[in-house]
Amino acid sequence: MNPSILCERDASGTIATVTLSNPDKLNAVTASMWRELTQVMRRLHEDEALRCVVIRGAGATFAAGGDIEEFLSLRNTYEQARVYHGEWVADALNSIVACRHPCVAMIQGACIGGGLEIAGQCDLRIAGASASFGAPIMKLGFTMAHTELAGLLALAGPATALEILLEGRLLTAPEAYAKGLLTRVVADAQVEQETYATAQRIVAGAPLVARRHKRLVSRMSSNSSPLSADEIRANYDYLDSEDYREGLAAFLDKRRPQFRGR
Amino acid sequence: MNPSILCERDASGTIATVTLSNPDKLNAVTASMWRELTQVMRRLHEDEALRCVVIRGAGATFAAGGDIEEFLSLRNTYEQARVYHGEWVADALNSIVACRHPCVAMIQGACIGGGLEIAGQCDLRIAGASASFGAPIMKLGFTMAHTELAGLLALAGPATALEILLEGRLLTAPEAYAKGLLTRVVADAQVEQETYATAQRIVAGAPLVARRHKRLVSRMSSNSSPLSADEIRANYDYLDSEDYREGLAAFLDKRRPQFRGR
Amino acid sequence: MNPSILCERDASGTIATVTLSNPDKLNAVTASMWRELTQVMRRLHEDEALRCVVIRGAGATFAAGGDIEEFLSLRNTYEQARVYHGEWVADALNSIVACRHPCVAMIQGACIGGGLEIAGQCDLRIAGASASFGAPIMKLGFTMAHTELAGLLALAGPATALEILLEGRLLTAPEAYAKGLLTRVVADAQVEQETYATAQRIVAGAPLVARRHKRLVSRMSSNSSPLSADEIRANYDYLDSEDYREGLAAFLDKRRPQFRGR
């Protein structure tokens with residue numbers, strides 16, 4: 001099978017599943033897959049009916065890294081590396097952050113290198129107990145691009161980033177959880193069920209609120225400058241939404257709210 | 001019973017207990033309680049004899065959130081929301097940070113929404129094993145105010161903030177501990193004892209040192225600009241204190257120090 | 001035995017062990033030891049053949065703090081404190097950060113005050129299960145210098161810093177691990193073996209990559225300004241290295257790489 005990014009919807013049209021697929025290489029992410037991931041995520045971003053994106057690997061692994069064979073031809077000079085990391089990889093990672101919908105990583109097996117970078121940009125990470133995590137690129141003789149390291153630092157802090165990069169060990173799922181890399185660890189057999197249960201919990205909330213929370217956390221985590229008056233005003237947009245009226249009414253009526261995304 | 005903030009001292013006058021009390025609504029924090037909390041904390045800040053503040057809820061719960069019924073009348077427009085969140089809630093949360101005395105949250109039962117925000121501004125958090133944590137406001141159709149989100153981000157980082165806000169699940173106490181939301185988890189029956197034992201450990205230290213540490217951690221965590229010469233000088237004020245002489249003398253004499261707060 | 005900093009190499013010359021030695025006082029760090037540590041670390045930094053530094057205490061303890069007896073004569077005035085903390089201690093802590101080689105703390109027994117500060121500047125921390133961690137200086141009547149607090153905040157965040165400083169409790173190794181202070185906790189009898197196994201894993205990687213990762217994590221964690229064009233270019237230096245060619249070749253040949261550090 002050719003390396004590719006698959007994308008499908010559930011019957012309701014509210015949950016999209018994006019699959020990293022390169023089954024001959026444990027879903028190693030090729031240059032074409034990085035670029036395709038960007039395109040897929042940008043299309044999902046535009047889809048107003050959607051409420052949640054699940055990102056997973058084909059089969060029972062997430063992704064074992066970038067496609068190292070390609071490096072000899074596609075990332076062999078500084079000019080190439082600037083395009084490979086500064087555009088292809090960075091655009092793909094940014095497209096997950098910039099996607100208006102919450103993204104949940106469903107993690108089985110290897111979540112390494114580029115795989116860890118993709119999972120790290122998702123909003124939640126549900127992992128199976130036997131999944132493994134790391135970026136042992138010191139054994140390959142190269143450094144993590146600063147644009148990719150930024151995400152690892154934001155998620156796990158400098159001590160865990162240094163452990164991963166200097167020691168090159170793979171972390172177990174319980175270790176990765178203890179160090180803040182994961183939202184939750186469940187039995188391997190439960191990963192898919194728990195991931196979609198998580199997606200359903202997200203879908204049950206007001207979608208405008210989810211989008212606003214995702215954007216606001218990103219803004220406040222990546223930029224220490226105070227919010228502008230417009231940014232502050234935007235965080236109160238819910239006051240003009242039908243969903244806010246519905247949320248309060250449902251609470252006071254002790255019933256489940258029905259949010260319509262407006 | 002009317003919603004209110006109760007405040008009492010122990011016999012020694014060194015520990016104050018502030019109680020969020022709205023027993024008919026699991027101590028949901030009303031607008032008047034937010035404002036009263038500010039007044040109470042500001043008074044405690046001025047009390048030089050005090051050495052520690054415990055913040056708890058009435059009965060066996062901390063606080064289940066804001067008072068949602070009030071939102072229909074008190075937080076229904078942008079102008080109202082600016083006052084409600086930007087003044088009443090923000091002032092109350094800031095009054096905990098600005099209080100010169102260390103503040104310990106004693107957490108039983110529900111610690112949700114506004115309750116979580118209050119606990120998150122305390123300096124230490126002691127929780128019972130069956131306490132629960134979250135802010136499932138996506139089910140109510142509204143967004144966390146950025147002034148309140150800032151505290152959650154500072155305490156728990158973006159990944160945990162997103163989990164709480166996007167998924168709307170309540171976290172168990174062990175989950176909240178693993179994610180950095182709590183100082184310690186103990187058996188439910190031990191929460192009160194452990195909280196006051198913690199307060200006593202704080203009281204046993206030099207009070208000027210506690211105040212300086214609280215202010216310095218806040219300053220360095222919230223503002224990345226270098227300390228001014230005056231700020232640096234102030235951190236060495238202990239050199240002129242009686243308590244520093246007493247601390248060193250007691251250490252060298254192998255006895256307990258008796259600090260007098262000067 | 002006189003207080004001193006010992007330094008020795010393993011047979012291969014790739015791993016140096018730096019030992020904090022003041023056995024009569026649980027390796028309490030004297031002013032002369034702080035200054036000697038700076039000199040030792042600066043020499044190791046210059047040694048291009050080296051690949052990893054282990055920092056440990058003499059015997060079965062790391063270091064129980066600074067040497068408090070000395071404070072009466074050496075840190076009794078503001079001018080003295082500026083030299084003691086702003087030069088002697090700060091230079092020593094900075095020399096660990098500035099050392100080009102990865103540094104691993106091997107922690108047994110007491111890791112307190114100045115000991116915790118030294119361990120906190122290392123890149124990885126391997127601790128025995130019965131080690132203990134803290135900085136109960138509130139019992140001694142003095143404040144942590146802001147230059148030292150900065151490292152604790154960067155490693156563990158404000159909540160754990162406040163717990164340590166306000167409550168003055170010693171944390172157990174499992175507590176310290178849960179709060180992000182440690183890379184790994186192992187049985188006491190395994191600390192030495194696990195520390196040197198960790199050092200060997202570091203040595204097995206490309207040394208230029210380790211140095212670059214250490215510097216890049218430090219740069220991006222301590223300074224939020226964007227990288228300069230030169231800094232970005234430097235992160236791709238590996239493209240011109242023999243070790244990068246060797247790393248890719250070994251991966252594709254499915255053999256262990258032999259890195260020569262160039």
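This is a short walk through a predicted model, with something to select at each stop.

**Stop 1: chain A, by domain**

Start with chain A and colour it in two pieces: domain 1 covers 4–203, and domain 2 covers 207–253. If you drop a centroid on the C-alpha atoms of each, the two centres sit 27 Å apart. Now pick out the place where the two pieces touch. Seven residues of domain 1 of chain A are in contact there with six residues of domain 2 of chain A. On the domain 1 side, four of those residues are nonpolar and three are charged, with no polar ones.

**Stop 2: a little sheet in chain A**

Stay in chain A and select strands β5, β7 and β8. They make an open sheet of three strands, in the order β5-β7-β8, with mixed pairing. The edges are β5 (110–112) and β8 (171–172) of chain A, each of which pairs on one side only. Then show helix α4 of chain A, residues 114–121: this helix packs on the sheet and touches β5 and β7 of chain A. Look along the helix and compare its direction with that of β5(A); the angle is about 90°.

Which way do β7 and β8 of chain A run relative to each other, parallel or antiparallel? Antiparallel: β7(A), residues 132–134, pairs with β8(A) over two bridges. For a concrete pair, label A:F133 and its bridge partner in β8(A), A:L171.

**Stop 3: over to chain B, and a hairpin**

Hide chain A for a moment and select residues 4–9 and 15–21 of chain B. These are strands β1 and β2 of chain B, antiparallel and joined by six bridges. Together, β1(B) and β2(B) form a hairpin with five residues between them. Click on B:G13 in the turn and check its backbone torsions: phi is positive, about 80°.

Two pairs are handy for getting the register of this hairpin. B:I5 has B:L20 as its bridge partner in β2(B), and B:R9 stands opposite B:A16, also in β2(B).

Next, add residues 52–57 of chain B, which are strand β3. What is the sense of the pairing between β2(B) and β3(B)? Parallel, again over six bridges. Label B:T17 and you'll find B:V54 opposite it in β3(B). While you have side chains switched on, keep in mind that in a regular strand they alternate between the two faces of the sheet.

**Stop 4: B:V89 and its surroundings**

Jump to helix α3 of chain B and select B:V89. Is B:V89 buried or exposed? It counts as buried, because 25 C-beta neighbours lie inside 10 Å, and the cut-off for that label is 20 or more. Leaving aside residues within four places in sequence, the contacts of B:V89 are B:W34, B:Y84, B:A145 and B:E148. Try a distance label from B:V89 to B:V29 too: their C-alpha atoms are 9.7 Å apart, with the two positions 60 residues apart along the chain.

**Stop 5: where chain B meets chain A**

Bring chain A back and select the contact between the two chains. It takes 32 residues of chain B and 41 residues of chain A. On the chain B side, α2 (68–74), α3 (78–98) and α5 (146–167) each supply at least two residues. Which element gives the largest share of that side? That would be α5(B), with 13 residues. Colour the chain B side by class and you get 20 nonpolar, seven polar and five charged residues.

**Stop 6: chain C against chain B**

Now show chain C with chain B. Here 32 residues of chain C meet 41 residues of chain B. α2 (68–74), α3 (78–98) and α5 (146–167) of chain C each contribute at least two residues to the side that touches chain B, and α5(C) gives the largest share of that side, 13 residues.

**Stop 7: the axis**

To finish, superpose chain B on chain A. A rotation of 120° does it, with 0.0 Å of shift along the axis and an RMSD of 0.0 Å. That is the relation of a three-fold axis. Draw the axis and look for B:A178, which comes closest to it of the residues of chain B, with its C-alpha at 3.7 Å. Why do the copies meet through different surfaces? Because only 6% of the interface residues of chain B are also interface residues in chain A.

Methods. Residues numbered from 1 in each chain as written. Chains lettered and ligands numbered in written order. Predicted model: local features only at pLDDT ≥ 70, side-chain atom pairs only at ≥ 80, totals over all residues. Helix = DSSP H or I, 4+ residues; strand = E, 2+ residues; numbered from the N terminus. Nonpolar A, V, L, I, M, F, W, Y, C, P; charged D, E, K, R; others polar. Pairing = 2+ DSSP bridges. Least-squares fit on C-alpha atoms with pLDDT ≥ 70 in both. Domains from an automatic or database assignment. Buried ≥ 20, exposed ≤ 12 C-beta atoms within 10 Å, placed from the backbone. Axes fitted to C-alpha atoms, helices over the stretch in contact; angles between N-to-C directions.
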